[in-house]
Amino acid sequence: MGAKVKLCLIGTGRAGMIHAENFCTNVKDGEMAAVSDVDAERAQAAARELGVEKWYTDYRKAIRESGADAVIIATPTKFHCEIAVYAAENGLHIFCEKPMAMSVPECQRMIKAAEENKVILQIGFMRRFSEDFARAKEIAYSGEIGEIVMIKSLTRGPSTPHEWMYDIKKSNGPLAEVNSHDLDTLRWFSESEPESIYALGGNYRCEAAREQYPDFYDTVILNIRMKNGIIGCIEGAQGVGYGYDARVEILGTRGMITVGDLKKNSVVTCSKDGGMKSDIVESWRNLFETAYEKEDKAFIQCILEGEKPLAGGEDGLKAVAMVNAGNESITTGKIVTM
Ligand SMILES: NC(=O)c1ccc[n+]([C@@H]2O[C@H](COP(=O)([O-])OP(=O)(O)OC[C@H]3O[C@@H](n4cnc5c(N)ncnc54)[C@H](O)[C@@H]3O)[C@@H](O)[C@H]2O)c1
């Protein structure tokens, strides 16, 4: 490996380009070597935008021939496993966006491949790199709010889902796409694993999906009992329109902590006609900008120093197991014991 870790982005969509831009600007020990996307126009446009020469439509060729030391996997979830295993077998370190994969066996294959080939496997749970989230956890365990009783975590996104997300069999639905972060936060904050899960979902906004994808839900609520007795409540919604909403509440026996704010800044406008108004957070890109940057820096640090990632394969696997249990509960209407 040279002085800088060379990266190849696989999947040049929304999430992928955030990481690639970080590696081009804010992460000093990393540099973009190549991009790959099944869509040639997208691959070419991304290469141009990032100022990298090499672009590919076949991720296998990119992994073998680009000279990269590591991959950033940001394709639709159903491809994560095959790409990660191929990258590991070719000796490349892996940063894989959440959700880690579609199923627990897929996650196990990825973990095994990374271990056998001695490469880093980091999962894109960037909330673990948010200073606010880390501070909330620190306070929760300082004793200030007594014993933790309940953790509520919600994520609601403004935009209509991509079509590939409508097919639950191909995407695992909003529980995976939207709530993976909340599920990871619940494990991280409760320091425990789930015992039982009960979930309810419904499609209230995505008219386009209704006929072809009757199983699709755009709104979901999931209740969890953790093994240490803490109760969790996860809520998710897509296409809410009003903004990007990610908030957590930790309830203790003697107080509570909240993290997250709908307000984009501290500006409040009061007028005769408009009442009281504030600017709203529009996108996860803005809300977690610093956290994405920190997780990208941490990935390079893990590669260079051989450190264990803050969010690794086991964390990805546990979230996928919870997603699958939640989807099973929505389908069967039953409580699923983990
Ligand atoms: N951490 C986060 O906050 C966050 C935010 C958004 C998305 N994500 C995750 O990132 C992943 C991608 O989501 P997105 O919203 O960026 O999707 P997207 O649809 O915007 O981009 C996906 C890209 O992958 C390309 N692609 C599809 N199959 C491919 C293959 N086999 N090889 C190479 N390229 C391929 C597509 O052409 C597209 O350009 C998902 O797993 C999603 O859950 C994470």
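Domain 1 and domain 2 bury about 2,100 Å² between them, and 58% of that area is on carbon and sulfur atoms. The model is predicted, and this tour starts at that interface before moving along the chain.

**Colour the two domains.** Select 5-127 together with 290-310 for domain 1, and 130-287 together with 319-337 for domain 2. The contact between them draws 21 residues from domain 1 and 29 residues from domain 2. Taken over C-alpha atoms, the centres of domain 1 and domain 2 are 25 Å apart.

**Show the domain 1 side.** Which residues of domain 1 lose the most area to domain 2? Select R14, M102 and R127: together these residues account for 41% of what the domain 1 side buries.

**Look for charged and polar pairs across the interface.** Two salt bridges are found between domain 1 and domain 2. For a salt bridge to inspect, select K294 and E131, whose side chains meet with an N to O distance of 3.7 Å. Eight residue pairs at pLDDT 80 or more are in polar contact across the interface of domain 1 and domain 2. Next, select the elements that give two or more residues to the domain 1 side of the contact: α1 (14-25), α5 (104-116) and α12 (289-305). By residue class, the domain 1 side that touches domain 2 has 13 nonpolar, three polar and five charged residues.

**Move to salt bridges over the whole structure.** The full search returns 22 salt bridges. Select E235 and R156, whose side chains meet at 2.6 Å, N to O. E235 sits in strand β10 (residues 231-237) and R156 in strand β7 (residues 148-156), so the pair links distant parts of the chain, 79 residues apart. Then select D315 and R187, a salt bridge at 3.2 Å, N to O. Why does this pair tie together parts that are 128 residues apart in sequence? D315 lies in helix α13 (residues 313-332), whereas R187 lies in helix α10 (residues 180-190), so the two parts are tied by the pair.

**Display the strands as a cartoon.** Seven strands form an open sheet with mixed pairing, in the order β12-β11-β7-β10-β9-β8-β15. Which strands are at the edges of this sheet? Select β12 (256-259) and β15 (336-337); each of these edge strands pairs on one side only. Strands of a sheet pair through backbone hydrogen bonds, either parallel or antiparallel.

Within the sheet, select β9 (residues 219-226) with β10: these strands run antiparallel and are joined by seven bridges. To follow the register, pick N223, which stands opposite C233 in β10.

**Select the β13 and β14 hairpin.** Strand β13 (residues 263-271) pairs with strand β14 (residues 275-280) over five bridges, in the antiparallel sense. Three residues lie between β13 and β14 in this hairpin. V268 is the residue to pick for the register here, with S278 of β14 opposite.

**Finish with two backbone details.** Both can be checked from the torsion angles. What is the state of the peptide bond from K98 to P99, cis or trans? That peptide bond is cis, with omega near -20°. P99 is in the loop between β5 (93-96) and α5. Now select K118, a residue other than glycine with a positive phi, near 55°. K118 lies in the loop between α5 and β6 (121-123). Helix α5 can be kept on display for this last stop, as one of the elements that give two or more residues to the domain 1 side touching domain 2.

Methods:
Residues are numbered from 1 along each chain as its sequence is written. This is a predicted model: local features need pLDDT of at least 70, side-chain atom pairs count only at pLDDT 80 or more; totals for chains, interfaces and linings use all residues. Side-chain values use heavy atoms; hydrogens and water are left out. Domain bounds come from an automatic or database domain assignment. Contact means heavy atoms within 4.5 Å. Buried area is the accessible area (1.4 Å probe) that two parts lose on being put together, summed over both. A salt bridge is a side-chain nitrogen of Lys or Arg within 4 Å of a carboxyl oxygen of Asp or Glu. A polar contact is a pair of N or O atoms within 3.5 Å; within protein, one must be able to donate a hydrogen and the other to accept it, and residues adjacent in sequence count only if both atoms are side-chain atoms. Helices (H or I, at least four residues) and strands (E, at least two) are DSSP runs, numbered from the N terminus. Ala, Val, Leu, Ile, Met, Phe, Trp, Tyr, Cys and Pro count as nonpolar, Asp, Glu, Lys and Arg as charged, and the others, Gly among them, as polar. Two strands pair if DSSP finds at least two bridges between them.
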